[in-house]
Amino acid sequence: MEQEKILKSYLPMSEASFLLLNCLQSENHGYGIMQKVTAVTSGRVNLGAGTVYTILYKMENDGLILAMGEFDRRKVYKITELGRIVLNAEANRILQLADLARETVMGKPGVLV
């Protein structure tokens with residue numbers, strides 16, 4: 001039941017939250033997340049420290065991520081099983097939207113996941 005409550009509170013996710021959670025599939029710290037988001041979006045998205053640390057705080061409190069310790073005085077985080085469930089649910093939602101967008105642009109019916 002708690003899982004359903006968390007899913008409802010996070011879906012749909014902001015792009016920043018989705019990208020941040022996606023980056024934590026391997027351990028990372030706030031500054032590393034900012035760099036990785038910029039890299040994976042080819043510079044289209046640049047997350048500021050305030051945004052990153054606000055999201056990290058909320059996700060850690062909600063059990064989506066876990067602080068793994070510190071490295072070079074930086075707190076390192078990693079996604080939890082609950083975080084993976086939320087990330088996968090949002091990824092599936094985005095895939096459905098992509099299918100509909102493809103249909104709109106190409107005039108062909110998309111296949112919904």
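The protein chain is built from five helices and three strands, with helices (H or I, at least four residues) and strands (E, at least two) taken as DSSP runs and numbered from the N terminus. This is a predicted model, in which local features need pLDDT of at least 70 and side-chain atom pairs count only at pLDDT 80 or more, while totals for chains, interfaces and linings use all residues. Residues are numbered from 1 along each chain as its sequence is written, and side-chain values use heavy atoms, with hydrogens and water left out.

Going along the sequence, the elements come in the order α-α-β-α-α-β-β-α. The C-alpha trace spans about 50 × 40 × 20 Å along its principal axes. Of the 113 residues, 34% count as buried, where buried means under 20% relative accessible area, exposed means over 50%, and partly exposed falls in between (1.4 Å probe, protein chains only). As for how the chain folds back on itself, take the contacts (heavy atoms within 4.5 Å) between residues at least 6 apart in sequence: 51% of them join residues at least 24 apart.

On the outside, the accessible surface comes to about 7200 Å², and carbon and sulfur atoms account for 56% of that. These areas come from the Shrake-Rupley method with a 1.4 Å probe; for residues, only the protein chains shown count as cover. The charge tally is 13 positive and 12 negative side chains, with the centres of the two sets 4 Å apart. Here Lys and Arg count as positive and Asp and Glu as negative, leaving His and the chain ends uncounted; each charge is placed at NZ of Lys, CZ of Arg, CG of Asp or CD of Glu.

Helix H2 (15-23) is a good place to start on the inside. Seven of its nine residues are buried, so H2 is largely enclosed by the rest of the structure. The buried set is made up of Ala16, Ser17, Phe18, Leu19, Leu20, Leu21 and Cys23. Their packing partners are E1, H3, H4, strand E2 (65-71), E3 and helix H5 (81-106). Leading into H2 from helix H1 (2-10) is a loop that holds Pro12, and the peptide bond from Leu11 to Pro12 is cis, with omega near -5°.

Next along the chain, His29 sits in strand E1. His29 counts as buried because its relative accessibility is 15%. Setting aside neighbours within four places in sequence, His29 touches Arg74, Lys75 and Val76.

Helix H3 (residues 30-40) has its own buried residues: Gly30, Gly32, Ile33, Met34 and Val37. This set packs against H2, strand E1 (28-29), helix H4 (49-61) and strand E3 (74-79). As background to such spacings, an α-helix has 3.6 residues a turn, so residues three or four places apart point the same way.

Two loop residues have backbone angles worth a look. Ser42 comes just after H3, in the loop between H3 and H4. Its phi is near 50°, a positive value in a residue other than glycine. Ser42 counts as exposed because its relative accessibility is 70%. Asp72, in the loop between E2 and E3, likewise has a positive phi of about 50° although it is not a glycine. With 61% relative accessibility, Asp72 counts as exposed too.
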